Amino acid sequence: MINWSDFEKIDMRVGTIVKVEEFPEARKPAYILTIDFGLEIGTKKSSAQITTLYNKKRLKGEQVIAVVNFQPKQIGPFMSECLVMGIYNESEEVVLLRPQRETMNGCKVG
């Protein structure tokens, strides 16, 4: 169990995917996403294993929710700067968490 102060340390923000690239070096099929989190945070990159349910064209311009205050993580030759949130469905595919309505980039999830 965590307490409320632990949860408050997690900084989840809304951002818009501005670029989607193939990530051929990944062990499991993945994309490299560049996400705009607004003026305060700027853009960050993340690796996402979402190639089964999402194609590159569909992802560009989509808003997602991500944790933006993790330490960067090395994933093969790539440095991930945030964690895009998703849900594993019954087929173990990742379904992205997204705001129900379009929201300004950088808005905090709380």
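Analyst: Before we start, a strand here is a DSSP run of E that spans at least two residues, numbered from the N terminus. With that in hand, Pro 77 sits in the loop between S5 and strand S6 (78-80). Keep in mind that this is a predicted model.

User: Okay, why is Pro 77 called exposed?

Analyst: Exposed means over 50% relative accessible area. Pro 77 comes in at 60%, so the label fits.

User: What does Pro 77 touch, if we skip residues up to four places away in sequence?

Analyst: Contact means heavy atoms within 4.5 Å. On that basis Pro 77 touches Phe 23 and Glu 25. As for Glu 62, 15 residues from Pro 77 along the chain, the two C-alpha atoms are 26 Å apart.

User: Let's switch to Leu 33. What makes Leu 33 count as buried?

Analyst: The cut-off for buried is under 20% relative accessible area. Leu 33 has 0%, so it counts as buried. Leu 33 belongs to strand S2 (residues 31-36).

User: Which residues does Leu 33 touch, not counting those up to four places away in sequence?

Analyst: Quite a mix: Ile 17, Lys 19, Val 20, Lys 44, Lys 45, Ser 46, Ala 48, Ile 50, Leu 59 and Val 84. Leu 96, 63 residues away along the chain, has its C-alpha atom 13 Å from that of Leu 33.

User: And Thr 34, how do you know that it is buried?

Analyst: Again, the bar is under 20%. Thr 34 has a relative accessible area of 9%, so Thr 34 is buried. Thr 34 is placed in strand S2 as well. Beyond its neighbours within four places in sequence, Thr 34 is in contact with Thr 16, Ile 17, Val 18, Lys 19, Glu 21, Thr 43, Lys 44 and Lys 45.

User: Zooming out, how do you know that the radius of gyration agrees with a compact globule?

Analyst: For 110 residues, a compact globule would be near 13 Å, and the protein has 14 Å, so the two agree. The C-alpha atoms fill a box of roughly 40 × 30 × 30 Å along the principal axes. Of the 110 residues, 35% are buried.

User: How many helices and strands are there in the protein?

Analyst: Two helices and nine strands. Read from the N terminus, they go α-β-β-β-α-β-β-β-β-β-β. Looking at contacts between residues at least 6 apart in sequence, 57% link residues at least 24 apart.

User: How much accessible surface does the protein have?

Analyst: About 7500 Å², with 52% of that belonging to carbon and sulfur atoms.

User: Now the pockets. Which residues lie nearest the centre of the largest pocket?

Analyst: Ser 47, Ala 48, Gln 49, Ile 75 and Leu 83, out of a lining of 28 residues. The elements giving two or more residues to that lining are strands S3 (43-48), S5 (73-75), S7 (83-84), S8 (86-88) and S9 (94-96). The largest pocket holds about 710 Å³ of space, and its lining has 16 nonpolar, seven polar and five charged residues.

User: What about the second largest pocket, what volume does it have?

Analyst: About 200 Å³. Lys 28, Pro 29, Gln 49, Ile 50, Thr 51, Thr 52, Leu 53, Tyr 88, Glu 92, Glu 93 and Val 94 line the second largest pocket.

User: How do you know that the lining of the second largest pocket has five nonpolar residues?

Analyst: Val, Leu, Ile, Tyr and Pro are among the types that count as nonpolar. In this lining, those types turn up as Pro 29, Ile 50, Leu 53, Tyr 88 and Val 94. That matches the split into five nonpolar, three polar and three charged.

Definitions and conventions
Residues are numbered from 1 along each chain as its sequence is written. This is a predicted model: local features need pLDDT of at least 70, side-chain atom pairs count only at pLDDT 80 or more; totals for chains, interfaces and linings use all residues. Side-chain values use heavy atoms; hydrogens and water are left out. On a 1 Å grid over the protein atoms alone, a cavity is a set of points where a 1.4 Å probe fits but cannot get out, and a pocket is an open set with protein on both sides within 12 Å along at least five of seven lines; lining residues have an atom within 4 Å of a point. Grid points are joined across faces, edges and corners, and a volume is the space filled by probe spheres set on the points. Helices (H or I, at least four residues) and strands (E, at least two) are DSSP runs, numbered from the N terminus. The radius of gyration is taken over C-alpha atoms; the globule rule is 2.2 Å times the number of residues to the power 0.38. Buried means under 20% relative accessible area, exposed over 50%, partly exposed in between (1.4 Å probe, protein chains only). Accessible areas come from the Shrake-Rupley method with a 1.4 Å probe; for residues, only the protein chains shown count as cover.
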